Amino acid sequence: EAAAEKLQAKVERRCGDFMTPKELDEVCALKLSMMNELVSPMAMARTRNEAASAAARIIMVREESRGKLLGYANYYLNCLEDDKRVAYLYEVQLADEAQGKKPSLGKALLADFEERARQAGMAAMRLTVSALNLKAISIYEHLGYGFVRECTEHDADTNTTYTSYVY
């Protein structure tokens, strides 16, 4: 929250089933604006449904003055993997104007996710990133996330494969 304050922004946290239709629209609009060439209509519908699910946890950061969504993280707790409880970071998106700022809003969203996972007693933390998103892969590796496996999920509309990293 300190990073958000320095950027004159506020942090909001929600369970997916408490997201308003306007908030879901904002999340989808931000994703589409940042990943337009990688996102099919089917993937956008899936994003909206996943963000609205009761299991989803959303961290949103808004500009205080205008209320504009600057970024969000969508994560899940209590996913089972090898009989262990795992926290799973589904996605992080930042608006253009929030990228490259100091302090880093992206790092702050990751730190918030990691803290909530630790507090919930998760055995591990995982995140996925498109194999085409080389900038994000570089950031995650720099922050200490290590390659676990390449997922078999394939979106034929965008020809995108997803690579999972573990922390």
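Trainee: Which element supplies the largest share of the lining of the largest cavity?

Mentor: In this predicted model, helix H4 does, with four residues. H4 covers 105–119, and the lining includes Leu105, Ala108, Leu109 and Asp112.

Trainee: What makes a residue part of that lining?

Mentor: A lining residue has an atom within 4 Å of a cavity point. Besides the residues just named, Glu1, Ala3, Ala4, Val11, Arg13, Ile59 and Val61 line the largest cavity.

Trainee: Which elements each supply at least two residues of this lining?

Mentor: Helix H1 (2–6), strand S1 (9–15), strand S2 (56–63) and helix H4 do.

Trainee: How do the lining residues divide into nonpolar, polar and charged?

Mentor: Eight are nonpolar, none is polar and three are charged. Asp, Glu, Lys and Arg count as charged, and the lining includes Glu1, Arg13 and Asp112.

Trainee: What makes this space a cavity and not a pocket?

Mentor: In a cavity a 1.4 Å probe fits but cannot get out, whereas a pocket is an open set. The search of the whole structure finds one cavity of 30 Å³ or more, and the volume of the largest cavity is about 70 Å³.

Trainee: What does H4 show of itself: which of its residues are buried?

Mentor: Leu105, Gly106, Leu109, Leu110, Asp112, Phe113, Glu114 and Ala117 are. These buried residues pack against S1, S2, S3, S4, strand S5 (124–130) and H5. Leu105, Leu109 and Asp112 are thus both buried and part of the cavity lining.

Trainee: How do you know that the length of H4 agrees with its number of residues?

Mentor: H4 has 15 residues, and at 1.5 Å a residue they should span 21 Å. The end C-alpha atoms are 21 Å apart, so the two values agree.

Trainee: What does the corresponding check give for H2?

Mentor: Helix H2, residues 21–35, also has 15 residues with an expected span of 21 Å, and its end C-alpha atoms are 21 Å apart, so here too the span agrees.

Trainee: Which residues of H2 are buried, and what do they pack against?

Mentor: Glu23, Leu24, Glu26, Val27, Cys28, Leu30, Lys31 and Met35 are buried. They pack against S1, helix H3 (41–51), S2, strand S3 (69–81) and strand S4 (84–94).

Trainee: Why is Glu23 called buried?

Mentor: Its relative accessible area is 6%. Buried means under 20%, so Glu23 qualifies. Leaving aside neighbours within four places in sequence, Glu23 is in contact with Glu12, Arg14, Phe18, Met60 and Arg62.

Trainee: What makes the pairing of Arg14 and Glu23 a salt bridge?

Mentor: The criterion is a side-chain nitrogen of Lys or Arg within 4 Å of a carboxyl oxygen of Asp or Glu. For Arg14 and Glu23 the N to O distance is 2.7 Å, and the pair is a salt bridge. Arg14 also forms a salt bridge with Glu12, where the closest N and O atoms are 3.7 Å apart.

Trainee: Why does Arg14 fall in another class than Glu12?

Mentor: Arg14 has 27% relative accessibility and counts as partly exposed. Glu12, at 13%, counts as buried. The cut-offs are under 20% for buried and over 50% for exposed, with partly exposed in between.

Trainee: How do you know that Glu63 and Arg66 form a salt bridge, and how are the two classed?

Mentor: Their side chains meet at 2.5 Å, N to O, against a limit of 4 Å. Glu63, at 16% relative accessibility, counts as buried, whereas Arg66, at 59%, counts as exposed. Elsewhere, salt bridges that share partners join Lys10, Glu12, Arg14, Lys22, Glu23, Glu26 and Arg62 into one network. The structure holds 15 salt bridges.

Trainee: Why is Tyr145 called buried?

Mentor: Its relative accessible area is 3%, and the cut-off is under 20%. Tyr145 is found in the loop between helix H5 (134–142) and strand S6 (146–155). Its C-alpha atom is separated by 9.4 Å from that of Met125, 20 residues apart along the chain.

Trainee: What is the make-up of the chain as a whole?

Mentor: The chain has five helices and seven strands, in the pattern α-β-α-α-β-β-β-α-β-α-β-β along the sequence. Of its 167 residues, 44% are buried. Among contacts between residues at least 6 apart in sequence, 60% join residues at least 24 apart.

Terms used. Residues numbered from 1 in each chain as written. Predicted model: local features only at pLDDT ≥ 70, side-chain atom pairs only at ≥ 80, totals over all residues. Heavy atoms only, no water. Buried < 20%, exposed > 50% of the residue type's maximum accessible area, 1.4 Å probe, protein only. 1 Å grid on protein atoms, 1.4 Å probe; cavity = no way out; pocket = protein on both sides within 12 Å on 5 of 7 lines; lining within 4 Å. Points joined across faces, edges and corners; volume = space filled by probe spheres on them. Expected span 1.5 Å × (residues − 1). Contact = heavy atoms within 4.5 Å.
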